[in-house]
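Welcome! Have the sequence and the 3D view open, and try each exercise on your own before reading its solution.

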Number of protein chains: 2
Amino acid sequence: MADADSDNVIRVLVATDNHLGYAEKDPVRGTDSFTAFEEILELAVSEDVDMILLGGDLFHDSVPSQNSMHRCIELLRRYTFGDKPVSLEVLSDQTLSFHNTINQTVNYEDPNLNISIPVFSIHGNHDDPSGFGRLSSLDLLSTSGLVNYFGRWTDLTKLEINPILLRKGETQLALYGLSHINDARLTRLFRDFKVTMNCPGTAEEEWFHLMVVHQNRADRGPKNYLPEELLPAFLHMIIWGHEHDCRIVPELNVKRDFYVTQPGSSVPTSLSEGESLKKHVGLLEIYKTKCQLKPLPLQTVRPFIFEAINLADYEEELELKEGDAATRAYSFARERVEAMIVRAMELRTGHPKQPIVPLIRLRLMFTDESYMFNTIRFGQMFEGRVANVSDVVQFKKVVKKVKSDTLALDKEAMKRAFEKMEVENTARVEELVDRYFDEVKDKNPLKLMHSKALAEMTYRLVERVDGNAAENIVKFYREKAIEHLMETLPSDENVDNELANFRTRYKHDDLLKMLDARGAQAVPLKCNALKNESNIIVKGPTAVNRGRGRGRGAAGSSTSSRAKPQLNVSVNTTRSSGRNQSILNAASRSKNKVYLISDESDSDN
Amino acid sequence: MADADSDNVIRVLVATDNHLGYAEKDPVRGTDSFTAFEEILELAVSEDVDMILLGGDLFHDSVPSQNSMHRCIELLRRYTFGDKPVSLEVLSDQTLSFHNTINQTVNYEDPNLNISIPVFSIHGNHDDPSGFGRLSSLDLLSTSGLVNYFGRWTDLTKLEINPILLRKGETQLALYGLSHINDARLTRLFRDFKVTMNCPGTAEEEWFHLMVVHQNRADRGPKNYLPEELLPAFLHMIIWGHEHDCRIVPELNVKRDFYVTQPGSSVPTSLSEGESLKKHVGLLEIYKTKCQLKPLPLQTVRPFIFEAINLADYEEELELKEGDAATRAYSFARERVEAMIVRAMELRTGHPKQPIVPLIRLRLMFTDESYMFNTIRFGQMFEGRVANVSDVVQFKKVVKKVKSDTLALDKEAMKRAFEKMEVENTARVEELVDRYFDEVKDKNPLKLMHSKALAEMTYRLVERVDGNAAENIVKFYREKAIEHLMETLPSDENVDNELANFRTRYKHDDLLKMLDARGAQAVPLKCNALKNESNIIVKGPTAVNRGRGRGRGAAGSSTSSRAKPQLNVSVNTTRSSGRNQSILNAASRSKNKVYLISDESDSDN
């Protein structure tokens with residue numbers, strides 16, 4: 001940051017999902033997680049940062065092995081202790097943020113410890129409090145004085161997030177942490193207005209609002225992720241942990257006008273495509289309410305090449321080979337893997353600690369099972385040349401999407417219907433349903449549910465903010481349909497017909513009764529509108545004054561200035577305060593994923 | 001120590017077997033281990049000691065729960081960190097003593113830590129290195145800078161013990177640690193002269209030689225304990241961990257002329273008689289080569305009353321009660337337990353943290369099974385009044401000692417034979433055997449072994465230092481006897497007769513052949529005599545100069561001066577250097593437990 005001197009810039013090394021101890025007993029990959037973490041700590045030292053901010057899942061296991069814990073302690077002691085003074089002054093009440101420490105302070109204020117780089121961390125789902133004593137492994141590090149563990153919730157019936165307020169010169173940082181919490185529970189807490197964020201009490205001052213979370217970001221099904229839109233607009237930047245794909249370059253959420261950076265894991269814990277992206281951590285520089293995030297590529301991460309191939313696309317090539325189908329596929333796969341090993345060499349960084357035997361994953365998608373061969377034996381030929389010989393090739397059957405018998409919604413059509421609504425600012429629920437049936441027409445008839453049920457569901461979701469409506473309705477239909485089938489006992493061929501009968505005959509009134517009985521807790525949407533356009537209760541002057549734009553415009557232009565080429569993304573947080581999204585719009589957007597069918601995911605975050 | 005000023009006295013708080021985490025999930029007793037440990041740390045602070053010395057088994061589990069580890073860290077951070085300067089100067093090469101630390105130094109020399117009371121610990125059998133990475137929980141504490149973990153062996157084929165050399169003013173302390181090692185393995189290492197203790201290299205200076213071990217001290221069977229006599233005579237004091245009975249008052253080993261103190265556990269882990277002894281830790285004050293150990297009673301240990309009753313001794317009392325035998329015993333036991341609860345009140349110390357609901361164990365020994373009642377139901381009536389309701393009463397059948405068919409030695413007779421030998425300084429093995437048969441006469445005839453076998457065994461044990469002789473001979477006889485029985489297949493009544501036949505017929509020559517074949521590794525005793533009268537190799541001037549008496553006589557009189565009444569035992573290490581024990585004597589003493597039959601023990605050390 002050229003326009004600010006170093007005494008006023010807070011420099012934060014941002015990393016997440018280090019998964020220490022992942023595959024620690026693997027003779028080849030056993031130390032990969034520690035090697036990458038050590039590089040991160042070395043970067044923190046060489047970049048002379050003021051703090052390290054971790055987004056959870058420091059450990060892979062909720063109860064790390066003594067080996068993992070020992071190595072972690074050793075590394076933290078080696079790199080984060082020392083004489084360098086820490087320039088971050090803590091302005092907030094620390095007892096609110098640090099429970100499990102001796103003095104309830106940041107470690108660098110402990111008179112008995114000499115800290116050079118404080119580490120701040122929330123917990124993830126892998127190191128969340130568990131077992132006897134309900135302790136996280138981070139509690140041990142916290143009590144040892146090695147980590148400042150924050151963002152821990154202690155009450156599952158409501159969330160109150162108190163930021164750590166830090167000052168360095170002219171820059172003031174409000175650091176909000178939300179340690180991992182079950183996505184469904186978090187969704188319920190948001191729905192029920194049980195999430196409170198306490199903003200700094202000094203309205204006249206400028207704060208950079210930085211939040212770190214560890215939740216599903218990708219839509220993994222109803223209530224199984226945290227929609228970005230649920231987070232409040234006063235934030236400047238979200239550090240998103242849990243997702244292992246590196247998306248370190250901050251992405252602007254236009255609806256909320258904040259940036260999200262997703263550093264991704266520092267060690268791949270699944271051989272998925274996302275994990276094969278180049279791994280980075282970030283150097284976040286904050287000056288007043290401006291910030292700049294510089295991605296720092298990790299040099300010690302083991303090369304990993306992922307390729308997914310649909311064998312159907314390579315039939316000509318396969319025909320040219322000799323032998324039966326499996327032999328031809330085997331030979332084809334061998335060539336591909338050999339090529340991938342060559343490509344992996346390009347990922348060598350020259351760092352002396354980088355392990356060079358690569359991870360290779362070739363996903364072969366097939367419809368014809370005769371192509372399948374023994375993948376274990378296949379991998380053995382790469383012993384010593386590939387780090388994961390036991391699972392180099394993964395077969396995946398290409399299945400034509402089977403429509404669910406109980407809920408035959410066309411996802412894309414639903415999305416388009418919603419999008420149209422947003423564009424046109426349409427307010428009527430019925431119209432949404434009409435649009436949906438317009439889209440799907442005859443190609444996706446509802447097999448089980450009556451269209452009235454869908455309308456009811458939509459109504460309750462959108463107008464009554466009853467997040468459980470879809471689930472209840474589907475469950476109700478499934479139960480009733482099974483009852484019906486048990487009574488009629490149709491032959492296999494006649495199941496479809498009998499379900500059609502069921503659909504026609506089933507009384508809609510029963511559904512309404514059921515929904516009214518179960519949906520008593522539904523909250524009317526207008527409460528939502530009163531509270532910051534999201535379901536978060538914001539306390540403090542920021543919430544009250546938000547119409548005034550909080551002076552963010554004063555710091556610079558409203559466009560992003562990319563000071564350095566490619567990787568150096570400068571994020572200017574100035575933004576327009578005018579937003580005319582309708583209440584329905586906001587609600588439908590934040591809810592419209594609730595009844596979309598979930599994607600399968602093979603990742604292990 | 002009135003004769004020395006505090007600048008020259010090293011004050012050591014001595015404790016062992018804290019078993020942190022013992023029964024931590026027990027709703028009543030869950031925090032007992034932590035409470036006692038906290039009291040010990042408080043004592044260290046209030047007694048203003050220079051260091052805390054722990055004798056192993058700090059934790060109960062080799063992989064402590066996160067709860068235990070967390071509490072331990074919290075306590076150590078709270079009580080052992082601070083501004084008080086540590087007065088102990090380390091003179092030895094620290095890299096030899098501290099492997100798993102960042103700087104390979106004592107924690108108080110780490111520039112990034114502010115230690116007020118250094119804790120030194122060996123590992124016990126409960127916290128020995130185990131699992132992936134072969135780490136002890138003490139390694140974690142060591143790497144965290146919380147404990148100075150020493151006395152760890154890294155090579156199982158030989159032991160080399162390097163003392164930590166500490167100086168405070170005029171006093172120099174050589175601290176030898178031997179972390180727990182399997183007793184049988186340790187016995188073998190001693191037998192094979194694989195134990196080396198490196199004494200300080202400055203012969204002209206005075207050292208106080210303090211050793212801490214964690215082994216069976218009580219004779220728990222052949223090769224299943226560490227005979228005190230195996231430790232070298234140049235030591236002044238042994239801190240003996242592992243044994244849970246508190247025998248804190250130093251006991252002089254007259255043969256080796258050193259003292260042994262056995263602090264015992266700070267929490268009972270079994271409801272045995274030994275654990276019901278009043279628990280203490282010790283304040284060891286060292287001035288030059290003199291020391292004084294002040295037992296400090298623990299005030300926060302839960303009251304525990306143990307009583308063992310043989311029902312046969314109370315038949316009159318039982319007869320007076322009503323109902324059947326079980327009902328009468330039940331009623332009798334209830335009265336006893338009620339009385340024990342009253343007695344337990346006397347063990348209340350008034351310390352606010354002492355848990356007052358007592359542990360009660362009534363052991364009922366019986367021969368007549370009709371006295372037995374349901375002990376679970378019995379305990380329930382003491383819910384809330386006794387901490388261990390599930391096992392208040394323990395029935396134990398009194399079994400007449402069944403003579404082993406394979407080895408019918410009379411232990412007491414054997415002991416008396418040995419004692420006589422020692423007194424008279426007898427040198428002939430045959431005489432020992434004669435004495436034995438003199439003692440046992442007809443009451444304990446050997447059923448299986450020929451008396452020649454016993455003589456052979458004794459010869460090999462004593463003269464040839466073949467520690468395996470007894471085992472080999474017994475094993476050999478057992479195998480042969482079983483072969484014989486399998487051939488003759490006697491009826492149940494005739495087994496004894498057939499064994500008598502076997503004994504008479506079996507050829508002694510076969511035994512000799514077998515022993516010569518197996519005993520090739522036996523070491524002639526004269527090597528032993530050359531090496532410090534024990535099987536320890538002592539390196540350094542102390543060993544060379546030991547004939548000169550090392551000036552110990554200069555410090556005071558040769559009698560123990562008990563400066564304070566009762567508990568304050570002053571140990572003066574001055575001793576006569578003249579000892580005329582014969583080689584045979586020393587060897588037989590150190591070996592004479594090898595073939596005594598082991599006692600059963602229900603303790604859980």
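The exercises below walk through this predicted model, from whole chains down to single residues.

**Exercise 1. Getting to know chain A**

Find how many helices and strands chain A has, and which domains it is divided into.

*Solution.*
Step 1: Start with the secondary structure. Chain A holds 16 helices and 20 strands.
Step 2: Turn to the domains. Domain 1 covers 8-300 + 540-574, domain 2 covers 304-386 and domain 3 covers 411-528 of chain A.
Step 3: Look where two of these domains meet. In chain A, 10 residues of domain 1 are in contact with 12 residues of domain 2. The domain 1 side of that contact in chain A has three nonpolar, four polar and three charged residues.
Step 4: Check burial and contacts. Of the 605 residues of chain A, 44% count as buried. Among contacts in chain A with a separation of 6 or more, 75% are between residues 24 or more positions apart.

**Exercise 2. How the two chains are related**

Work out what rotation and shift superpose chain B on chain A, and describe the surface where the chains touch.

*Solution.*
Step 1: Here is the principle. Two copies of a chain are related by a rotation about an axis and a shift along it.
Step 2: Apply it. Chain B is superposed on chain A by a rotation of 179° with 0.0 Å of shift along the axis, at an RMSD of 0.2 Å. This is the relation of a two-fold axis.
Step 3: Locate the axis. Leu113(B) has the C-alpha nearest the axis in chain B, 2.5 Å from it.
Step 4: Compare the two sides. The same surface serves both copies, as 100% of the contact residues of chain B recur in chain A.
Step 5: Count and classify. 29 residues of chain B are in contact with 29 residues of chain A. On the chain B side, helix 2 (66-80) and helix 3 (137-143) each supply at least two residues. Helix 2 of chain B gives the most, with eight residues. By class, the side of chain B that touches chain A has 10 nonpolar, 13 polar and six charged residues.

**Exercise 3. Inside the nonpolar core**

Identify which residues touch the most other members of the largest nonpolar core.

*Solution.*
Step 1: Recall a tendency. In soluble globular proteins, nonpolar side chains tend to be buried together.
Step 2: Find the best-connected members. The largest nonpolar core has 187 residues, and Ile52(A), Leu53(A), Ile238(A), Ile52(B) and Ile238(B) touch the most other members.
Step 3: Zoom in on one of them. Leaving aside neighbours within four places in sequence, Ile238(A) is in contact with Met211(A), Val213(A), Leu231(A), Phe258(A) and Val260(A).

**Exercise 4. Strands and sheets**

Decide which side chains of strand 9 of chain A are buried, then trace the order of the seven-stranded open sheet in chain B.

*Solution.*
Step 1: Look along strand 9 (residues 195-198) of chain A. Val195(A) and Met197(A) point to one face and are buried, while Thr196(A) and Asn198(A) point to the other and are not.
Step 2: Find a partner for this strand. Strand 6 (residues 159-161) of chain A pairs with strand 9 of chain A in the parallel sense over three bridges. Met197(A) in strand 9 is the bridge partner of Ile161(A).
Step 3: Move to chain B. Its seven strands form an open sheet in the order 3-7-8-10-11-13-12, with mixed pairing. Strand 3 (89-90) and strand 12 (247-253) of chain B stand at the edges with a single partner strand each, so one side of each is left without a neighbour in the sheet.
Step 4: Pick one pair within the sheet. Strand 8 (residues 171-178) and strand 10 (residues 208-214) of chain B pair in the parallel sense over six bridges. Ala174(B) has His209(B) in strand 10 as its bridge partner.

**Exercise 5. Two residues with positive phi**

Determine where His242(A) and Ala23(B) lie, and whether each is buried or partly exposed.

*Solution.*
Step 1: Take His242(A), which is not a glycine yet has a positive phi of about 90°. His242(A) sits in the loop between strand 11 (237-241) and strand 12 (247-253) of chain A. His242(A) counts as buried because it has 26 C-beta neighbours inside 10 Å.
Step 2: Take Ala23(B), also not a glycine, with a positive phi of about 50°. Ala23(B) is in the loop between strand 1 (10-15) and helix 1 (32-46) of chain B. With 19 C-beta neighbours inside 10 Å, Ala23(B) counts as partly exposed.

Conventions. Residues numbered from 1 in each chain as written. Chains lettered and ligands numbered in written order. Predicted model: local features only at pLDDT ≥ 70, side-chain atom pairs only at ≥ 80, totals over all residues. Least-squares fit on C-alpha atoms with pLDDT ≥ 70 in both. Contact = placed C-beta atoms within 7 Å. Helix = DSSP H or I, 4+ residues; strand = E, 2+ residues; numbered from the N terminus. Nonpolar A, V, L, I, M, F, W, Y, C, P; charged D, E, K, R; others polar. Domains from an automatic or database assignment. Core = buried A, V, L, I, M, F, W, Y, C linked by C-beta atoms within 7 Å. Buried ≥ 20, exposed ≤ 12 C-beta atoms within 10 Å, placed from the backbone. Pairing = 2+ DSSP bridges.
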